[in-house]
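This short report looks at how a ligand is held by a protein, and then at charged pairs within the protein itself. Please keep the sequence and the structure in view while reading.

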Amino acid sequence: MEKKPSSKRKRAKRLKSQNKKLRHEKDDSAAVEEVDERQEEGKEEPSASAFAKRTKSQGFSKSSTFLDKMKARLSGGHFRMINEKLYTCTGKEALDYFKEDPALFNVYHAGYQEQMSHWPEQPVNIIIKWLKNGSPFLVVADFGCGDARLAKNVENKVFSLDLVSNDPSVIACDMSKTPLDTSVIDVAVFCLSLMGTNFASYLKEAHRVLKPGGWLLIAEVKSRFDPNTGGADPKKFSKAVCELGFTSELKDFSNKMFILLYFKKKDKQNPNRKEIEWPELKPCLYKRR
Ligand code: SAH
C-alpha cells in the first residue's frame, strides 16, 4: 500500500519547489545583467531571448528603459548598415537607395550626429571659421551638406547639396551631377562626404562648377588617409586632385580625427591631361559604442 505523504514531507516538497523557482528567477536576472553589461561595453547586440527574459522578470518602468536602450542599439546598428552601404556603392546607387526609402536618411543622420558628438572638434566648424575669415561675397557649394549646418552659420550664399532634401534650401541630387552652372562657385566644400566609390566624379563636378582660382576644401576622416592601416597615401590623393586641375595650397594633419586639404582651381586646364590614377579610399566604418 502506498504511504500517504506526511504534512512534514509536503512542506519540504513545497519549499523545494519554491527554491527551485527562486533559483530560476535568479538565473534569468543574471543573464539579463550580462547582456546589459555587454551593451554598455558595446560588444554584442541584445538577443531576443534576453529581451523576453527582461520584459518577463522586470516591471514596466525598468523594461521601458531597457526598451529605450534596445531602440538606441537597433538604430545604431541601422546607422552602421546605411553608412557601410554609402561607402561601398556609387552616388547614383545611393540616390536610388534613399529615393526608395527617404526615412533611411534620417536614421543615417541621427546616427551620424551621435558619432560626431564624440569628436572633440567637428571639421564643419573649422570650415565655417575659415569662411567667416574671408569675404562674405564668396559663393559656396557644400557637397554632401547633411543638415546644412554650413549654410546656417555663414553669411555667404551657399548651395547646399545632398542626396535627400529635408529642408527647402537643400538641393537633392547625386553630387556627381549637380544642377549648378559651370564656373559659378568660389568655394567647393566636401566635409566628410567623399563616400561613394566614384568619389573622383564628385571632384570632377566640383572642378566644373568652380571659377578659375576657386577653392576646393576637403575634410576627411584621418584613418582613410593612413597608409599604415590600409588607408590611401595622402600624397597620391593630392597628386590626383592636382592632375584634375588644382594646385595644393595647404594640408592640415593636426587634428586627431580628420585631415583638411585646401586646393585652388588652376586658371587653365592641361590639354594633354592623361588618365588620372586615383587611390582607393577605404570606407569609414564606425565602431559600436
Ligand atoms: N558635410 C556634413 C555631412 C557629412 S555626412 C557635415 O560635415 O556635417 C556625409 C553626407 O554626404 C551625407 O549627408 C550623405 O548623404 C552625403 N552624400 C554622400 N554621397 C553623396 C552623393 N553622391 N551626392 C550627394 N550627397 C552625398
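## Where the ligand sits

The ligand sits in the largest cavity, and the reader should keep in mind that this is a predicted model. Around the ligand there are 18 residues, and the closest of them are H109, G144, D162, D174 and M175.

## The shell around the ligand

Sorted by the character of its residues, the shell around the ligand comprises 11 nonpolar, five polar and two charged residues. Which helix gives the most to this shell? Helix α5, which covers residues 103-116, gives the most, contributing three residues.

## Polar contacts and burial

Three residues can be followed here, beginning with H109, one of the closest residues to the ligand, which has a polar side-chain atom 2.7 Å from an oxygen atom of the ligand. In Y202, an N or O atom of the side chain is 3.1 Å from a nitrogen atom of the ligand, whereas in C191 a backbone N or O atom lies 2.9 Å from a nitrogen atom of the ligand. The ligand taken alone exposes 570 Å², and the protein buries 98% of that area.

## Salt bridges

Turning to the protein itself, the structure holds six salt bridges, among them one between R208 and E205, whose closest N and O atoms are 2.8 Å apart. Both R208 and E205 belong to helix α8, which covers residues 199-209, and they are three residues apart, about one turn of the helix.

Technical notes. Residues numbered from 1 in each chain as written. Predicted model: local features only at pLDDT ≥ 70, side-chain atom pairs only at ≥ 80, totals over all residues. Heavy atoms only, no water. Near = heavy atom within 4 Å. Polar contact = N/O pair within 3.5 Å; in protein donor to acceptor, adjacent residues only side chain to side chain. Areas by Shrake-Rupley, 256 points an atom, 1.4 Å probe, with all protein chains shown as cover. 1 Å grid on protein atoms, 1.4 Å probe; cavity = no way out; pocket = protein on both sides within 12 Å on 5 of 7 lines; lining within 4 Å. Sits in = over half its atoms within 2 Å of the grid points. Helix = DSSP H or I, 4+ residues; strand = E, 2+ residues; numbered from the N terminus. Nonpolar A, V, L, I, M, F, W, Y, C, P; charged D, E, K, R; others polar. Salt bridge = Lys/Arg side-chain N within 4 Å of Asp/Glu carboxyl O.
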